[in-house]
Amino acid sequence: MITEMDAGIGSIKLALKSKRMWRNSVIIFVSDNGAPQNDDGGSNYPLRGGKGSLFDGGSRVPALIASPLMDIKGVPYDDLIHFVDLPVTI
């Protein structure tokens, strides 16, 4: 899935560049919650719990923000961000 996301994000970035829109763009990808805990191959390891639980595996998810407008690039952010804060912050 990560490989597909990387390719998809690359396609979006190329499309924005071809339309000369990239320099004023902010791309944000956020998951809704952790993987389901069933036999379909979902895993939140090393976190406990999953979709529908209050454990970290059900609430901590990866996110990505990409923009040429950001001063700091390539730095992981390990603190919490609540999705409803993003529109106001941006």
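Visitor: Is Arg-20 buried or exposed in this model?
Guide: Keep in mind that we're looking at a predicted model. Arg-20 sits in the loop between H1 and S1. Its relative accessible area is 70%, and the cut-off for exposed is over 50%. So Arg-20 counts as exposed.

Visitor: What is the phi of Arg-20?
Guide: Most residues other than glycine have a negative phi. Arg-20 isn't a glycine, yet its phi is positive. You'll find this just after H1, and the value is about 55°.

Visitor: How far apart are the end C-alpha atoms of helix H1?
Guide: Helix H1 covers residues 2-18, which makes 17 residues. At 1.5 Å a residue, the helix should span 24 Å. The model agrees with that, because the end C-alpha atoms are separated by 24 Å.

Visitor: And Met-1, is that buried or exposed?
Guide: Met-1 lies in the segment before H1. Its relative accessibility is 88%, and anything over 50% is called exposed. So Met-1 is exposed.

Visitor: What distance separates the C-alpha atoms of Met-1 and Pro-68?
Guide: Along the chain, these two are 67 residues apart. Pro-68 belongs to the loop between S2 and H3. In space, the C-alpha atoms of Met-1 and Pro-68 are separated by 25 Å.

Visitor: What about the C-alpha atoms of Pro-68 and Ile-27?
Guide: Pro-68 itself is partly exposed, with a relative accessible area of 34%. Ile-27 is 41 residues away from Pro-68 along the chain. Their C-alpha atoms are separated by 9.9 Å.

Visitor: Which residues does the cis peptide bond join?
Guide: Most peptide bonds are trans. Here, though, there's a cis one with an omega of about 10°. One partner, Pro-46, is in the loop between S1 and H2. The bond joins Tyr-45 and Pro-46.

Visitor: Where is Leu-54, and how far is its C-alpha atom from that of Asp-40?
Guide: Leu-54 is in the loop between strand S1 (27-30) and H2. With 85% relative accessibility, Leu-54 counts as exposed. Leu-54 and Asp-40 are 14 residues apart along the chain, and their C-alpha atoms are separated by 20 Å.

Visitor: How much accessible area does the nonpolar surface patch have?
Guide: Its members include Val-26, Ile-28, Phe-83 and Ile-90. Take Ile-90, in the segment after helix H3 (85-89): its relative accessibility is 60%, so it counts as exposed. Together, the residues of the patch have about 780 Å².

Visitor: What is the volume of the largest pocket?
Guide: Rolling a probe the size of a water molecule over the atoms shows where empty space is left. The largest pocket is lined by 31 residues. Lying nearest its centre are Ala-63, Leu-64, Ile-65, Tyr-77 and Ile-81. The volume of this pocket is about 1300 Å³.

Visitor: Which element gives the most to the lining of the largest pocket?
Guide: Helix H2 (56-59), strand S2 (63-66) and H3 each supply at least two residues of the lining. One of these elements gives four residues, the most to the lining. That element is S2.

Terms used. Residues numbered from 1 in each chain as written. Predicted model: local features only at pLDDT ≥ 70, side-chain atom pairs only at ≥ 80, totals over all residues. Heavy atoms only, no water. Expected span 1.5 Å × (residues − 1). Patch = residues over 30% accessible without salt bridge, like charges linked within 9 Å, V, L, I, M, F, W, Y side chains within 5 Å. Areas by Shrake-Rupley, 256 points an atom, 1.4 Å probe, with all protein chains shown as cover. Salt bridge = Lys/Arg side-chain N within 4 Å of Asp/Glu carboxyl O. Buried < 20%, exposed > 50% of the residue type's maximum accessible area, 1.4 Å probe, protein only. 1 Å grid on protein atoms, 1.4 Å probe; cavity = no way out; pocket = protein on both sides within 12 Å on 5 of 7 lines; lining within 4 Å. Points joined across faces, edges and corners; volume = space filled by probe spheres on them.
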